[in-house]
Amino acid sequence: MANQDLESREANKRRGGAAYTSTHYSPSYFAESTETMWTSWLVPMIVVANVGMFVVIMFVNNCPKNNIGFDGGCVAKFLGRLSFQPLKENPLFGPSSSTLEKLGALEWNKVVHGHQGWRLISCIWLHAGVIHLLANMLSLVFIGIRLEQQFGFVRVGALYLLSGFGGSILSSLFIQRNISVGASGALFGLLGAMLSELLTNWTIYTNKAAALVTLLIIIAVNLALGILPHVDNFAHIGGFLTGFLLGFVLLLRPQFGWLERRHLPADARAKSKYTIYQYAFWAVAVALLILGFALGLVMLFEGKNGNEHCSWCHYLSCVPTSRWKCNN
């Protein structure tokens, strides 16, 4: 739903064909102008990297050799060394938790007391099973390719990594007894950026109210699913908030009419490339990002527990019912 920079055909030619020009239509709204579409290659490479990493995880896991057998035999034994842990142990068709922890899963004690801060990034590239991997990669393809076509690989790459990092920080502050893996925080960051991009570039779109309502429903449903047990909704929320703020910073687009008027005489041009509220959003977002990352990292490496400062926040990740218990 986010839309690409409005750039001229001349700019496209100067890039030597790195992008192609077209008028973009989304399911809910469109920008009435000629727009530059970039060729998406980063998102497919991220998908390939995640699939490759999962193969490495299963190779290291080596269920036939390391499975003790208390929870049953390995699943899909015809895969040999790549076969999955028993479903009682991992219903997502994947490795053991000890393998994930060995290869870089997010684990509070190791990050804080083991000085392994790199786990805040490495966990983004690990997945708990085939189902987990497929769900995240299909979502990434659906959301990420469109965004990369619209804004280019640099901005989408920065959004993906920083959102995943932000999700890991919030997850570590509130979930300190379990490990966490997956690209969900980064994916929620892309959703957050889509929302802020729509808001900050409001003047250039048609059908914007319908687009806003649709996007809010998608976000609300996905966040609501995070209250189920064994789902790290703090990573989702942290990634979403990071991506939402980054969208105001990285996905600015010229106000309506600026590109068409920039070649006109000075007195006929738009007064500014961006609107006053775009500059205001940008400044507030930068300040909040710096404050949020600084405060989060300081609290994390001082060993603070977010639940001690927010007695109700644990309900954001899991709501206990008669059908399940929560253990964050």
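**A tour of the protein chain and helix α9**

Start with the whole protein chain of 328 residues, in which buried residues (under 20% relative accessible area, with a 1.4 Å probe and protein chains only) make up 48%. The model is a predicted one, in which local features need pLDDT of at least 70, side-chain atom pairs count only at pLDDT 80 or more, and totals for chains, interfaces and linings use all residues. Residues are numbered from 1 along each chain as its sequence is written, and side-chain values use heavy atoms, with hydrogens and water left out.

Switch next to a cartoon view, where the chain shows 14 helices and two strands; these are DSSP runs, with helices (H or I) of at least four residues and strands (E) of at least two, numbered from the N terminus.

Now select residues 184-200, which form helix α9. With its 17 residues, α9 reaches 24 Å from its first C-alpha to its last, close to the 24 Å expected at 1.5 Å a residue, where the expected span is 1.5 Å times one less than the number of residues. Of these 17 residues, 16 are buried.

Add residues 233-250, helix α11, whose axis lies 6 Å from that of α9 at an angle of about 35 degrees; axes are lines fitted to C-alpha atoms over the stretch in contact, and angles run from 0 to 180 degrees between N-to-C directions. To see the contact (heavy atoms within 4.5 Å), display side chains including Phe188, Leu191 and Leu195 of α9 and Phe240, Phe244 and Phe248 of α11. The residues of this contact divide into nine nonpolar, 10 polar and no charged, with Gly counted among the polar ones.

Definitions and conventions. Buried < 20%, exposed > 50% of the residue type's maximum accessible area, 1.4 Å probe, protein only.
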